[in-house]
Amino acid sequence: MAILVTPQTKLLVQGITGEFGARHAKLSLDYGTQLVAGVTPGKGGQFFEHGGHKVPIFDTVADAVKQTGATASAVFVPPPFAADAILEGADAGLDLVVAITEGIPVRDMIRAKQAMAGSKTRLIGPNCPGIVTPGEGKDSHGGCRIGIAPGYIHKKGNIGVVSRSGTLTYEAVWQLTSRGVGQSTCVGIGGDPVNGTSHLDVIKLFMADPETKGIIMIGEIGGSAEEEAADWIAKHGTKPVAGFIAGATAPPGRRMGHAGAIVSGGKGTAEAKISAFKAAGIGVAATPSDMADTLLKLM
Amino acid sequence: MNIHEYQAKQLLKQYGVAVPPGDACKTVDEAKAAADRIFAAGNKLAVVKSQIHAGGRGKGIFKDGFKGGVKLAKSAEEATAHAKAMLGNTLVTKQTGPDGRVVSTVLVAAAEDIKKEFYLAVLLDRANSRPLIMASTEGGVDIEEVAEKTPEKIIKEHIDPAMGFQAWQGRKIAAALGLKGELAGQAAKLFAGVYKTWWEADASMVEINPLCICVGADGKEKIVAVDAKIGLDDNALYRHKDIQEMRDLAEESPLEIEASKFNLNYIKLDGSIACLVNGAGLAMATMDIIQHYGASPANFLDVGGGASKDQVTAAFKIILSDPSVKAIFVNIFGGIMDCNVIATGIVAAVKETGLTLPLVVRLEGNNVAAGKKTLAESGLTIISGDSMADAAQKVVKTVAK
């Protein structure tokens, strides 16, 4: 049922007392997420209070896990300390660490990713909007919202969405919801060149998830993750996939907002990714307005 | 962030990489002094190299007709004359665009007696998130062409980030490049130094092209980084004050510099439709959809998650400083952001800047109804788009006349 997180997933927020972390912890609580703990070194023993919720704060992730049974974390820690926070989460044996932070040095992530190889902890991000598994209530209330996505645009259903972008994901989700089509889980893998989870990693999970019947995949220039996913889908895909690639008009060699959105040495072009999609039978949305319709035509 | 060749060589030298002796010069007097030193040291040839953040300097032409941004000199007088011709002049190369770049610094260096040219680079391999060394016997040429035509001539060696670059890896690459004896040992040491530069400086890319076997004044062969290009990871600059100081604002677009002051992510392009969007992916997609409907974007602009009234106003002013802009497309998906807050900001910005160009606004998401109402009741001529496609088509139509 959905992938990675369910409405019952117990979440802790690293950086809950920071302005950014606090704002989104409140929104996640409002959405009905089981937010059971916060972690801010030095503030253990305090509480995060919002809307009748009293969330205990701990000095360490390990302590939070021990006291509350949390299995997932959202990292809202500033860039100089974020990779360290991720590794602390992995060391505490979490199932999932979702790193929202934008601006982590690439070198820190190269090291962190290597350190986590073989670990039971899955890292999503960094520089990502997070994950949402929609709930059954009004405006999908009652689901699990990790990160910064607007909860109300979602609807419980059968489409999996995986994307490197934030607002472009919300576009796709909103298009689906507006057509009465819901989502199983929406995963933002982030815009950085080194990330914990790729398009393909998520697509494999969607393909194996009985609740997911179709997939929307949103990519952008830089790297070859979309091509890698398309290649696998061509050989092993069992469900319809539609996608959109942003950045066809981006000038080469420039970093387009996202650290990973750059065409380097002629590689990572939108053109190459779109070709790979077409070769794999993935429906290609000509414009971002057509993402939902492109998938629905295939279903 | 990009830096000049002379700065890249400074960094490499710090990590033990052999570079030709030379000095960065900002005046003709400095160039003369540097040239005198080079010839006094026994060198037979000097080279004067324009310092700009673009390649193709050798074949470039200055706006006054002076040919070549990289010139050899047989004497200090000749070197000084080259420097005089270059300093303050505008160099146009294949990579600068027709406007070229003003040369305010030249690197006056010993010109090595080059016997063989190699290619060497360190970068991130995004396929496995590992550092990668790329080396090739095909130096001094466009590596992308080598990759396309003779990929077998490119050697690739991944580095274990926890272990760092190991001595045996240096010997392995040297052998693969056909190097032997003492030179192989020198090369292995140089590769380690180049990797160390990449890692310690938090570089995204270090490129040495050409890396050369040269014959020194003493008749002995040596390995030297004759040209160097380094790009730094912007995310890591906060921990490199010395590298931050290497930033050359003259190499950046003034509008982009202005935008960065307001935490706006702005990249100037060539078209006529300006964009203002929240989110990098959506911003790229907005540029793409403008092109899809037959026009050209004037810029990439991501206002991020904030988009306060001040930022929206600053963004409008920056957009309007670009004389090629004929229309503006505001495309916002208000997730957490309140559409009415954006709408209020837009109305204020339009009034403050006295905007007369066509403005198409597409709002979606949180509190969108109130946002659309604010725009409708503003008394301003603002075209509303229902979907992204609808809005894009409308804005393209305004410039199609």
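Two strands count as paired if DSSP finds at least two bridges between them, and the helices (H or I, at least four residues) and strands (E, at least two) are themselves DSSP runs, numbered from the N terminus. The model is predicted, so that local features need pLDDT of at least 70 and side-chain atom pairs count only at pLDDT 80 or more, while totals for chains, interfaces and linings use all residues. Residues are numbered from 1 along each chain as its sequence is written, and chains are lettered from A and ligands numbered from 1 in the order in which they are written.

**Exercise 1. A small sheet in chain B**

Determine in which order the 3 strands of the open sheet in chain B are arranged, and which of them stand at the edges.

Solution. Begin with the order, which is β3-β5-β6 in chain B, with antiparallel pairing. Next consider the partners: β3 (61-62) and β6 (101-102) of chain B each have a single partner strand, so one side of each is left without a neighbour in the sheet, and these two are the edge strands. Finally, look at one pair in detail: β3(B) and strand β5 (residues 90-92) of chain B are joined in the antiparallel sense over 2 bridges, and B:F62 has B:L91 in β5(B) as its bridge partner.

**Exercise 2. The strands around β9(B)**

Find the strands to which β9(B) is joined by bridges, and decide how far β9(B) is enclosed by the rest of the structure.

Solution. On one hand, β8(B) and β9(B) run antiparallel and are joined by 7 bridges, with B:Y119 standing opposite B:S136 of β9(B). On the other hand, 5 bridges join β9(B) to strand β10 (residues 154-158) of chain B, again in antiparallel fashion, and here B:I133 has B:E157 in β10(B) as its bridge partner. For the second part, a residue is called buried if 20 or more other C-beta atoms lie within 10 Å of its own, exposed if 12 or fewer do, and partly exposed in between, the C-beta atoms being placed from the backbone. Since 5 of the 7 residues of β9(B) are buried, this strand is largely enclosed by the rest of the structure.

**Exercise 3. Backbone conformations to check**

Where does B:S129 lie, and is this residue buried or exposed?

Solution. B:S129 is in the loop between β8 (113-125) and β9 (130-136) of chain B, that is, in a hairpin with 4 residues between the strands, where its phi is positive and near 55°. B:S129 counts as buried, because it has 20 C-beta neighbours inside 10 Å.

Carry out the corresponding analysis for B:D202, stating its phi, its place and its burial.

Solution. B:D202 is not a glycine, yet its phi is positive, at about 55°. The residue is located in the loop between α6 (181-200) and β11 of chain B, and its 20 C-beta neighbours inside 10 Å make it buried.

Locate the residues joined by a cis peptide bond at A:P126 and at B:P210.

Solution. In chain A, the cis bond joins A:G125 and A:P126, with omega about 15°, and A:P126 lies in the loop between β7 (122-124) and β8 (130-133) of that chain. In chain B, the cis bond joins B:N209 and B:P210, with omega about 15°, and B:P210 belongs to strand β11 (residues 203-215).

**Exercise 4. Helix packing in chain A**

Describe how helix α3 (residues 79-91) of chain A packs against α4(A).

Solution. The axes, which are lines fitted to C-alpha atoms over the stretch in contact, with angles from 0 to 180 degrees between N-to-C directions, come within 10 Å and cross at roughly 5°. Angles under 35 degrees count as roughly parallel, over 145 as roughly antiparallel, 65 to 115 as roughly perpendicular and the rest as oblique, so α3(A) is roughly parallel to α4(A). Taking residues as in contact if their C-beta atoms, placed from the backbone, lie within 7 Å, α3(A) contributes A:A83, A:I86, A:L87 and A:A90, while α4(A) contributes A:D108, A:M109, A:A112, A:A115 and A:M116.

**Exercise 5. The contact between the chains**

How many residues does each chain give to the contact, and which element of chain B gives the most?

Solution. Chain B gives 43 residues and chain A gives 49. Within chain B, α9(B) gives the most to the side that touches chain A, with 11 residues.

Methods:
Contact = placed C-beta atoms within 7 Å.
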